[in-house]
Structure formats: C-alpha cells, structure tokens
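This report works through selected features of one model, moving from its cysteines to its sheets, its cavities and a few individual residues. The sequence and the structure are shown first.

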Amino acid sequence: MTDQAVDQEGAELSAHPVAEDRFLGRTRELKELRADIERAGLDTLSGRKAPRARVLLVAGRPGSGRTALARELVRRVAGRYPDGVLRARLSEPDGTPVPVEQVARELLGALELPAPAGAAEDDLAAALRAALADRRMLLLLDDAAGAEQVDALLPDAPDCLVVAVSKGPLTGIADVRPCTLGGLDTKSAVELLTGYTGAVRVTVDPCSAESLVESCQGHPAALVLAGGWLAARPQASVSDLAKRLHAYTEDGADGTDGGPLSRVFRLVYDQLPGPAARMLRLLSLAPAGLADPHTASALAGCSVDAARATLDDLVGLGLLRAVASPLPQYEVPGCLHPLLRALAGSQERPAELQLARARMLERTVRLLQSCRAITETDSPQFREKLNGMPRALRFPTPRAAAEWLRIRRPALLASVRLAVADGELDTLARRLMSQLVRALAAHVGTQAAAADLYGVHRLVLDVAERRGLPREKAAALLNLGDLDAQTGRTREALARYRAALDAGREANDPYATGRAMESVGGAYQELADHDRAADWFGRALAERLARGEGLEAARLYGRIATAHTYAGRYGEALRNWRAALSGYRRGGDVAASARALSEIARVQEYAGRPEESLRTCQEAVEWARRAEDARLQAALQLRLADTLDRLGDPAAARLHRAAAERMLGEEPPEDQEGPDQGLDACEIRTASSED
C-alpha cells in the first residue's frame, strides 16, 4: 500500500542510477489541483453539507505522468489529513481491473481492521466506508478502470479527500474535479533527459535536446526510454538519437497507434540483443506484471543468473522498473504492457507462448514445493526431496522461504488466476494451487492466510467443476465451508457441506463423505438445532465404526454427547460420553480419556448429581496426571473446588484452588499458534504423484 520509489509513468527521476529522485514540472497542474481542494462544491453552493469525500481526478494516458503528479500532490497536502494516507492500485499492469473486494480488503488491512475471508464485496466496501466515516484521511486510488470502482470505495466523510488516477473521465461521480495531462513543458523535459545523459551532452547541443523533446511530444515515459538509450551509450550524442527518431518510421507491425511512446519504444527495442528482446516481450506473460529472475528464466529458457543480468540491463534502459524489495523483483510498466503483448503475439507462435507460460508455472510449483519442504527438514522424505532439487531452487533457511513467499504473494495469487483462466493448463493449475495452499499453511498459518486461501479454494472449485472432478470438488467445498463457518456465515457453510457430501458420494470417497456429514452436524449445532446435529454426527459415527476407526468414533461419540447436553438430554449425553471414554481407553489415549471423564463430571453436575460429579472429577484428575497435562489438571482442580463449594466444604475447595494456581504458575507460557494449527483443511487432491 506504499508508494514505490520508481515511477516510470511520470516525471520522477529514479529509473537510472544517475537520475535524481525528484519531481519535475507540472507547476500549473499542481496549483489547480490544490485550488480545487479549497473550492466550494456543488452541495456547499446549494446550502447542503457534502455527503461524501471530495474527488480530484488526474486523467491521462498511461505514461503521461499522471501517477507521478498524483503522488506529488498527495505528498504536498498529506499534512492536512492527520489520520494518514491510504493508497491502492485499481488495475493490473495489463489493464485488468482489480476487484473492489480485493482493494477494500487491502485498505482495511492497512487500517488494521478485520476483513473476514469470503466476505461479500458490498460488505467489505461498507466496512471500509464505516471505518473512514470518523477519520480525516487522504486516499490515492491509482489507475482506476472506471467510476464504479472509485464510487464503491468513496468514503461517506466530507473531511476525507480522494485523489483518483484514470485514463478518462469518471462519469457518474458527482462534482469530480478533473485535471487532464498533456506533455511536459520543454524546460522540465530537457531536465528529465539531463538526469540520464548528464549535463555535458545537453549543454553542448541544447537545440538537439529540444528537438528530441519535441519528437517525444514531452511524453514522460517516452523521454525516460530516450534517456535510458542515451545513458547506455555514453559515446552517443543527443543529436544522434534525435536524428534516428526523426528518421524512424513506424511500420505498424506491433499494432500500436504510432504515438511518441510507441516510436521511441520500437527504436529502443529494435536495438536490443535477440535474447534480451525475446525475454522482454515474454514478460508480458508475467503474473500481475511482476517478475523476478526465476520468472524471467523460466519464460525465456535461460539460467537464473543470465536472467537477472538481462533484467538489470532492461531496468537501465527504462524498459522495466526495479521494485523496492529485499529480493530482486521487477515490474513491467503499465504503459509498455500493450506494446509488449502486441510484440509477443506477432513474433511468437501461440504454441511457444503456451510453452513459456507452462514453464513459468512449473517453475513456480517447484519453488513452492521447496518453500514448504524447508519447513519439514525433520522428515527424511522431505530432506531427500529438498536435496534432489537444483541449488537455484533451494532456500537457505525457513526464514528466507517465508520472506520469498511474502514478497511474491501478489504474483503467486495472480499465477493461480492466470493458470485457471487459461483453461488448457488445468493439471498445472491444480498442482500450483495445491502447493500454494500447503506453503501458506506452513509459513503463514491457515488462520492468517484465510482470505488468500478462500480465493484459491474457489478457483479449485471452478477447475473441479469444469473438469468433472468430484473428489476435488468435495475438498474445495469442505474448505470453503470451513472458512464460511469461521466467519459466522453458518448457513452458507451448511449449503457447502451438503454439496460436498453429494460430491464425496459421487467420488465414492469415504473420507470426504464422513467429513461432510460431521461438518453438517457441526453447522446445525452452531444454529442451535441440536436434534439434527446429533443425527448427522450419528451418521458420521456409523461410517467410522464401519471402517473400524476406533479413536475417530470415540471423538464422534463425544460430539453426539455435546449435542445432547445442549438439548438438556443428560442421560443420552452420559451414555455417549461413556462410549467415548471406552473408545479412548481401548485406543490408549490417556489425555483424551481424562477429558472425557471431565465432560462426564460436567454433565453429572448439570443433572444435579454433585456427589457423582465429584468422584468422576477426582478420577479425571488422576488420568490427567498420568497424561502429564498440567492445564487440564488445573482446570479439573478448579472444577473440584466449585463442586466442593456447592457441597458445603469451602476448606477443601480452597486447597484445590491453591493447587490449580500452583500448576498454572509453574507451567511455561503457551507458544503462539503455529502455522500448522487452525483449520482442519481438506487436502486438494491432484492427479500428480508429487507431494
């Protein structure tokens, strides 16, 4: 959500080491925009209080400097908004609009507010507006695809200000203040060039510099490319490039409009070495416009070291942006994306593009496997798998793997969407989604990654339905149901669990079927329909008993007993808890036996049998001692104390409370929830034999 230091779209100089990071020109536009903030709106003129935040629009084509201008405006007026600045990008580099749901979720995250996984777009947008209602904040919404995106995020707070960046007008939003950009003024444009060429080449031939600016029509992105070309050729004069550009005729092969950016780009591109030119045009396939050396290596079919060297050369030419990141990462400028896509379409056969995309996705799968394997080096199987990977694909430490996963998260999620949308790479897509889910669970935890996992599981469901894969459909529905249930959407979860049961039966998958039955019971219990809950737990129990799964059956006896307890049927509850206890004892699970005895004591107390509850609780303490479970022992001692109070023995009750306090005081603090804890996720099945 923070600004990047490099902005090739604008007149900020930072794409090349010799360039200064400063804003050039646009004095008049900045003055007009700042004046618009103070100007009375239509509501004020009519005597009404403005119902929503004011919107300033910076309009212009990609590469015109619109983002640089908006950021400079935000920098200059941010002090007026004490609650801070929020930033979001509303389109991918290829022009694909970012869903409002995703933007609202990211903005809520920046405000450190909850955004439940799977929440509807309207709910998230409403939560964002509610969060901003009492704040004085500035929102920068970059690269808006249309008025609908901005309108959905617009705060109902007249003290907020929204600065939107778009290609054209935002028709439909009242009282928008537009500022349409043309080219830079000549002085600023020449200064921009000087940042790349150095002062000498411009000073000795100022007329050629002005001629070059005129040929570029003051277009900032075209000037950056021209400056990069000159910076890479210290012996070339400005007049050399000006003459080449004047003589350069657009052949129309790239399908572009022949504007200044297109002409300068083709001149620079045509002089690239063949491998670098091919890598550049294939980067139009990079998910979310983000590439790293591995992505470029897989797309172009070269080594990782060679890919990184080429990427750095392309940054120097202004053809890519280096993203500020602990790991090398690069962004394809949005203004160049259509040109690169057109070149890839005209110079690569469809089969070659598909192969390059498949290589990139396969590399991503292997990196995700390595990312997860580094967390499980205690397993000989995973150690062997890790040692069998090429050195370039291995992570040195779990922390390095987690950092890679964090930094590459947007690109990884975009890779999944790309693979599913392709429609012809479903096997790769399924493997990719499976490995991404496992890596997120290993490093982030299912709770923290719930929002990302919800999106991935929805894509798994899409592929499973498209390919007619009932087992994977059941797994996706179960995982989505769990996430719905976690966020309080119990009825939606119930519908998914029922659909998962049908898919599990179609696949003849006993695991999915039993899991779905139990989940249906859990949903009914959450809805306080305890009769149906007990019925569905009973169906799941019958499946477990038929397969001879004693400990799982014991656990389900406990769930049935809990449902009966809630319904006030204490006799049925005791009968089922005793069956659970018998199963745990046969299975040798001492801790579970202690917990079952604890629950029996609880039900006996509810049933008005305190003496029996006391005896059972004492037996449970003994079993908890055998299990060496200090927390359970302490909880049981406190229950004993409460029971003794009710039986009129306060002295004994004090002794048990003191014993509980000693146990809790001696126990080391619990570790924070690890990545493996949380949702009992249903594995995404794939056709691959790879882990």
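Cys 302 is partly exposed in this predicted model, with a relative accessible area of 26%, a value that falls between the 20% limit for buried residues and the 50% limit for exposed ones. Cys 617, by contrast, has a relative accessibility of 1% and so counts as buried. A disulfide is a covalent bond between the sulfur atoms of two cysteines. A search of the whole structure finds zero disulfides, and the search criterion is a pair of cysteine sulfur atoms within 2.5 Å.

**The five-stranded sheet**

Five strands make up an open sheet with parallel pairing, and their order across the sheet is E2-E3-E4-E1-E5. Strand E2 (85-89) and strand E5 (177-180) occupy the edges, where each has a single partner strand, so that one side of each is left without a neighbour in the sheet. From one strand to the next, the twist averages 15°.

The pairings listed below belong to this sheet, and each row gives the number of bridges together with one pair of residues that face each other.

| Strand pair | Bridges | Residue pair |
|---|---|---|
| E1 and E4, parallel | six | Val 55 and Val 162 |
| E2 and E3, parallel | five | Leu 86 and Leu 139 |
| E1 and E5, parallel | four | Leu 57 and Pro 178 |

Within the first of these pairs, strand E1 covers residues 54-59 and strand E4 covers residues 161-166, while strand E3, the partner of E2, covers residues 138-144.

In a regular strand the side chains alternate between the two faces of the sheet. Along E2, Leu 86 and Ala 88 point to one face and are buried, whereas Val 85, Arg 87 and Arg 89 point to the other face and are not buried. Leu 86, one of the buried residues of E2, is also the residue whose bridge partner in E3 is Leu 139. The side chains of E5 alternate as well: Arg 177 and Cys 179 point to one face and are buried, while Pro 178 and Thr 180 point to the other and are not. Pro 178, which stands opposite Leu 57, therefore belongs to the face of E5 whose side chains are not buried, given the 20% limit.

**The three-stranded sheet**

Another open sheet is formed by three strands in the order E6-E8-E7, and here the pairing is antiparallel. Its edge strands are strand E6 (290-291) and strand E7 (321-322), each of which pairs on one side only. E6 pairs with strand E8 (residues 330-331) over two bridges in the antiparallel sense, and Ala 291 has Tyr 330 in E8 as its bridge partner.

**Cavities**

How many cavities of 30 Å³ or more does the structure hold? There are two cavities at or above that volume, and the largest has a volume of about 110 Å³. Fourteen residues line the largest cavity, and the closest to its centre are Asp 292, Thr 295, Thr 364, Leu 367 and Arg 408. Helix H14 (293-300), helix H17 (350-373) and helix H19 (398-422) are the elements that give two or more residues to this lining, and H19 gives the most, with five residues. By class, the lining comprises seven nonpolar, four polar and three charged residues.

**Individual residues**

Two residues other than glycine have a positive phi: Asp 143, at about 55°, and Asn 508, near 55°. Their settings may be described in turn. Asp 143 is found in strand E3, and its relative accessibility of 16% means that Asp 143 counts as buried. Asn 508 lies in the loop between helix H23 (490-507) and helix H24 (510-526), and Asn 508 is exposed, with a relative accessible area of 65%.

Is Arg 654 buried or exposed? Arg 654, which lies in helix H31 (residues 650-666), counts as exposed because its relative accessibility is 56%. The C-alpha atom of Arg 654 is separated by 6.8 Å from that of Ala 641, a residue 13 positions away along the chain.

Conventions. Residues numbered from 1 in each chain as written. Predicted model: local features only at pLDDT ≥ 70, side-chain atom pairs only at ≥ 80, totals over all residues. Heavy atoms only, no water. 1 Å grid on protein atoms, 1.4 Å probe; cavity = no way out; pocket = protein on both sides within 12 Å on 5 of 7 lines; lining within 4 Å. Points joined across faces, edges and corners; volume = space filled by probe spheres on them. Nonpolar A, V, L, I, M, F, W, Y, C, P; charged D, E, K, R; others polar. Pairing = 2+ DSSP bridges. Axes fitted to C-alpha atoms, helices over the stretch in contact; angles between N-to-C directions. Buried < 20%, exposed > 50% of the residue type's maximum accessible area, 1.4 Å probe, protein only.
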